[in-house]
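Open the model in your viewer and keep the selection tool at hand. Each stop below names what to select and what is there.

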Amino acid sequence: MMKPGIAAPGMAERLGVTVDERRGVEYHQLRSKDLLNKLNARPMPFGWTLNPYRGCEMACRYCFARYTHEFLGLDDRMAFERTIYVKDADRDRLVAELRRARRSGQSVAIGTATDPYQPAEGKFEVTRRVLEAARMVPGILLSITTKSTLVTRDAALLREISAASDVTVNLSVTTVDAALARRLEPRAPRPDLRFAAMKALTDAGVAARLFIMPILPRLTDDEPNLRALLVAARRAGAIGAESNVLFLRPGTREIFLEFLAIDFPRLVPEYERLYRGSAYAPPDYVREIEERVRRLADEVGLSSRRRADRPDQSSPRQLSLAW
Ligand code: SF4
C-alpha cells in the first residue's frame, strides 16, 4: 500500500541528483540495477519491459502511467510531466540483460509506460544506448512504442538491428486533427509529423505499426478520423494497426475529467456514464469501436488487430532468426 509523499521501499536510495532543468521541467538521475523488467503475469504480449525514463514531458491528458510517480514519493499530480527521472544505462550491463532476454525467447518492449523518445532523450540518449547494446545481441525480439519524431534519429541503427533481430516501431497517433492533438497531447509532435517519421522509418527498412491508442469516446472514435489514421499509416508503409479504447484508471481519471471539464464540458456527463464505477468502457461500446476499426482497416487494406489480440509472447518461443 503506497503512502502519499513516501517513496516505495528501495526507491528512495535510487533517487539521484538533478542533472538538468529546462522549460519548467527538472531532470533527475535514477540509479537502477537493471533496466529490463521481467514480467511474471501471463498471458502478456511481451516478456520484458524497458522504460529508459520515469515520467513523461509530453503530458498527454489521458496518460495511464501517471500513477507510476507515486512510487517515487511524488504526490504532486503534475510531477509526472515536470519531474523526469533518467535511468542509468551502462552498455555492458545492458548487453548482459538483453542476452538474458534473448535466452528466454521472450520479446522486449521498450516504452510500455513512458515515451523512450520524449524530449529528455535528445540530451540524455538512454534509448540510444539501449539500441547500441541491442545491436550487439542479434536475434532478439524488440518493439518500441513512441509518439516522437526523434525516433528517426536512430533509423540507421534500427535498420542495422533489424537485419539480425525482429524489430517493430509502434508510432502512436490518436487523431489526424492537429488542433485536437495539441489539446490532448500538448507536447507531442503533430500527427502529420508522426506519420512522416513512420514513412522515414519504413523507407529505411524498419518495420512500423500504427498504434491508435487510446481511442477516446466522442473525441477520436468517429469514422472519418479512424479512416484518415489508417489511410495515413498505409501511405507511410505501416505493416498494420493496433487499437485500444481508453482505459481510465485512478490517477488518470481525475486529471482527464478536469481537462474535459475545461476543454469539452459537454462530454463530462458522457464520460461519467461510460466510466461509471470502472476504468474500462462498457463492452458494447468497445465491441462497436473494435468492429469499426476492423471494417475500416479492411477497406483501407491494412491489417489490424486489437491490443487484446497481440500474440502471447510471455512464454518462450522458438526463434527463427539466426545469430
Ligand atoms: S507520450 Fe506516452 S508516456 Fe508520454 S505522456 Fe503521452 S501517453 Fe504518457
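Start with helices α7 and α8, whose crossing is right-handed. Select residues 191–203 for α7 and residues 223–235 for α8. This is a predicted model. The two axes lie 9 Å apart, at an angle of about 30 degrees. Angles under 35 degrees count as roughly parallel, so α7 is roughly parallel to α8.

Now show side chains. On the α7 side, pick F195, M198 and K199. They meet L229, A232, A233 and R235 of α8. Colour this contact by class: 5 residues are nonpolar, none is polar and 2 are charged.

Move to α4, residues 126–135, and add α5, residues 155–162. How are these two helices set against each other? Their axes come within 9 Å and cross at roughly 30 degrees. That angle makes α4 roughly parallel to α5. The crossing here is left-handed.

Select R128, L131, E132, A134 and R135 in α4. Their partners in α5 are L157, L158, E160 and I161. By class, the α4–α5 contact holds 5 nonpolar and 4 charged residues, with no polar ones.

Keep α4 on screen and bring in α2, residues 91–104. The axes of α2 and α4 are 9 Å apart, and the packing angle is about 55 degrees. At that angle α2 is oblique to α4. α2 passes α4 in a right-handed crossing.

From α2, the contact takes R91, L94, V95 and L98. From α4, R129, V130, E132, A133 and A134 take part. The α2–α4 contact divides into 6 nonpolar and 3 charged residues, with no polar ones. Look again at E132 and A134 of α4: both also belong to the α4 side that meets α5.

Next, the interior. How many cavities of 30 Å³ or more does the structure hold? There is 1. The largest cavity has about 40 Å³ of space. To find it, select I215, S243, N244, V245, I289, E290 and V293, which line it. Two elements give two or more residues to this lining: β11 (241–245) and α11 (283–300). The cavity lining has 4 nonpolar, 2 polar and 1 charged residues.

Now turn to a pocket. The second largest one holds about 180 Å³ of space. It is lined by 12 residues. Select R66, E70, D75, R77 and G251, the closest of them to the pocket centre. By class, the pocket lining divides into 4 nonpolar, 2 polar and 6 charged residues.

Finish with the backbone. Most residues other than glycine have a negative phi, and most peptide bonds are trans. Two places in this model are worth a stop.

Select M213 and P214. The peptide bond from M213 to P214 is cis, with omega near -5 degrees. P214 sits in strand β10, residues 207–215. The end of that range, residue 215, brings you back to I215 of the cavity lining.

Last, go to R23. Which sign does its phi have? R23 has a positive phi of about 50 degrees, although R23 is not a glycine. Show β1 (15–22) and β2 (25–30) as well: R23 lies in the loop between them.

Methods: Residues numbered from 1 in each chain as written. Predicted model: local features only at pLDDT ≥ 70, side-chain atom pairs only at ≥ 80, totals over all residues. Heavy atoms only, no water. 1 Å grid on protein atoms, 1.4 Å probe; cavity = no way out; pocket = protein on both sides within 12 Å on 5 of 7 lines; lining within 4 Å. Points joined across faces, edges and corners; volume = space filled by probe spheres on them. Helix = DSSP H or I, 4+ residues; strand = E, 2+ residues; numbered from the N terminus. Nonpolar A, V, L, I, M, F, W, Y, C, P; charged D, E, K, R; others polar. Axes fitted to C-alpha atoms, helices over the stretch in contact; angles between N-to-C directions. Parallel < 35°, antiparallel > 145°, perpendicular 65-115°, else oblique. Left-handed = near helix turned anticlockwise from the far one by under 90°. Contact = heavy atoms within 4.5 Å.
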